[in-house]
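Welcome to a short tour of a protein structure. Please keep the picture open as you read, and look up each residue when its name comes up.

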Amino acid sequence: MDKEAMDRQTHAITGSFIGRDFQLINLISMLSNLVTLYIVSSGTEAIIPVSIVILATLIFALIAGLNQIDTFKAWLSDMDEQQAKSNMGKLGQDAPIAMWKIIFSLTYLAMAIGQLYYLWV
């Protein structure tokens, strides 16, 4: 296998890892939110510890998720000319990264605020 083909294959494998890691970040964050939502809705006396878990989940989701989106953006920038000219390359270059980051952040922020509001009010 020549160097260019191997570089393209490595780039494709890296893209797969980025997607898998982003899915794991979301899975962990969503499961944590579901557990805390259950705890909050069942009426707990442990308000401060549950609040800490809610805030820790928010911080984890924002740091890890936004970093993964930035990693995806960098991965798109590393495409060679042949990949950039392909349909997938063009789609990736036109991806609304800023919008993804805003929606991602607002989603997890809304979940945390909703749970904290219900817990403390």
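In this predicted model, 28% of the 121 residues of the protein count as buried. The accessible surface comes to about 8,100 Å², and 70% of that area belongs to carbon and sulfur atoms.

What are the spans of the C-alpha trace along its principal axes? They are about 65 × 25 × 15 Å. The radius of gyration fits into this picture too: the protein has 19 Å, while a compact globule of 121 residues would have a value near 14 Å.

**The helices**

The protein has 5 helices and 0 strands, and from the N terminus on its elements run α-α-α-α-α. Take contacts between residues at least 6 apart in sequence: 83% of them join residues at least 24 apart.

Two of the helices can be checked with a simple rule of 1.5 Å a residue. Here is how expectation and model compare.

| Helix | Residues in the helix | Expected span | Distance between end C-alpha atoms |
|---|---|---|---|
| Helix 1 | 39 residues | 57 Å | 56 Å |
| Helix 2 | 31 residues | 45 Å | 45 Å |

For helix 1 the two values agree, and for helix 2 they agree as well. Just after helix 1 comes glycine 43, which takes a positive phi of about 80°.

**What the helices hide**

Helix 1 has a set of buried residues, among them His11, Gly15, Ile18, Ile25 and Asn26. Further along helix 1, Ser29, Ser32, Asn33, Thr36 and Val40 are also buried. Which helices do the buried residues of helix 1 pack against? Their partners are helix 2, helix 3 and helix 5.

Now turn to helix 2. Its buried residues include Val50, Ser51, Ile54, Thr57, Leu58 and Ala61, and also Gln68, Ile69, Trp75 and Leu76. They pack against helix 1, helix 4 (87–93) and helix 5.

A general idea is handy when you look at these lists. An α-helix has 3.6 residues a turn, so residues three or four places apart point the same way.

**The nonpolar core**

The largest nonpolar core has 17 residues, and those that touch the most other members are Val40, Val50, Ile54, Leu76, Ile97, Tyr108 and Leu119. Helix 1, helix 2 and helix 5 each supply at least two residues of this core. Which helix gives the most? Helix 2 does, with 7 residues.

Isoleucine 54 is a good place to zoom in. Leaving aside its neighbours within four places in sequence, isoleucine 54 is in contact with Thr36, Val40, Ala112, Gln115, Leu116 and Leu119.

**Aromatic rings**

A pair of aromatic rings is described by the distance of the centres and the angle of the planes. The structure holds 4 aromatic pairs. One of them joins phenylalanine 22 and phenylalanine 104: the centres are 5.6 Å apart, the planes make an angle of 40°, and the pair is tilted. This pair links distant parts of the chain, since phenylalanine 22 is in helix 1 (residues 3–41) and phenylalanine 104 is in helix 5 (residues 97–120), 82 residues apart.

Is phenylalanine 104 buried or exposed? It counts as buried because its relative accessibility is 8%, under the 20% cut-off. Phenylalanine 22, at 26%, counts as partly exposed. Ring pairs also bring in a tyrosine, linking Phe22, Phe104 and Tyr108 into a cluster.

**Three residues to find**

Leucine 66 lies in helix 2 and counts as partly exposed at 21% relative accessibility. Beyond its neighbours within four places in sequence, leucine 66 is in contact with Ala61, Lys101, Phe104 and Ser105. The C-alpha atoms of leucine 66 and lysine 101 are separated by 6.3 Å, although the two residues are 35 residues apart along the chain.

Glycine 114 is found in helix 5 and is partly exposed, with a relative accessible area of 38%. Its C-alpha atom and that of alanine 98 are separated by 24 Å, with the residues 16 apart along the chain.

Glutamine 83 has its place in helix 3 (residues 81–85). At 16% relative accessibility, glutamine 83 counts as buried. Setting aside neighbours within four places in sequence, glutamine 83 is in contact with Arg8, His11 and Gly89.

Definitions and conventions
Residues numbered from 1 in each chain as written. Predicted model: local features only at pLDDT ≥ 70, side-chain atom pairs only at ≥ 80, totals over all residues. Heavy atoms only, no water. Phe/Tyr/Trp six-rings, centres within 6.5 Å; stacked < 30°, edge-to-face > 60°. Helix = DSSP H or I, 4+ residues; strand = E, 2+ residues; numbered from the N terminus. Buried < 20%, exposed > 50% of the residue type's maximum accessible area, 1.4 Å probe, protein only. Core = buried A, V, L, I, M, F, W, Y, C linked by side-chain atoms within 4.5 Å. Contact = heavy atoms within 4.5 Å. Expected span 1.5 Å × (residues − 1). Rg over C-alpha atoms; globule rule 2.2 N^0.38 Å. Areas by Shrake-Rupley, 256 points an atom, 1.4 Å probe, with all protein chains shown as cover.
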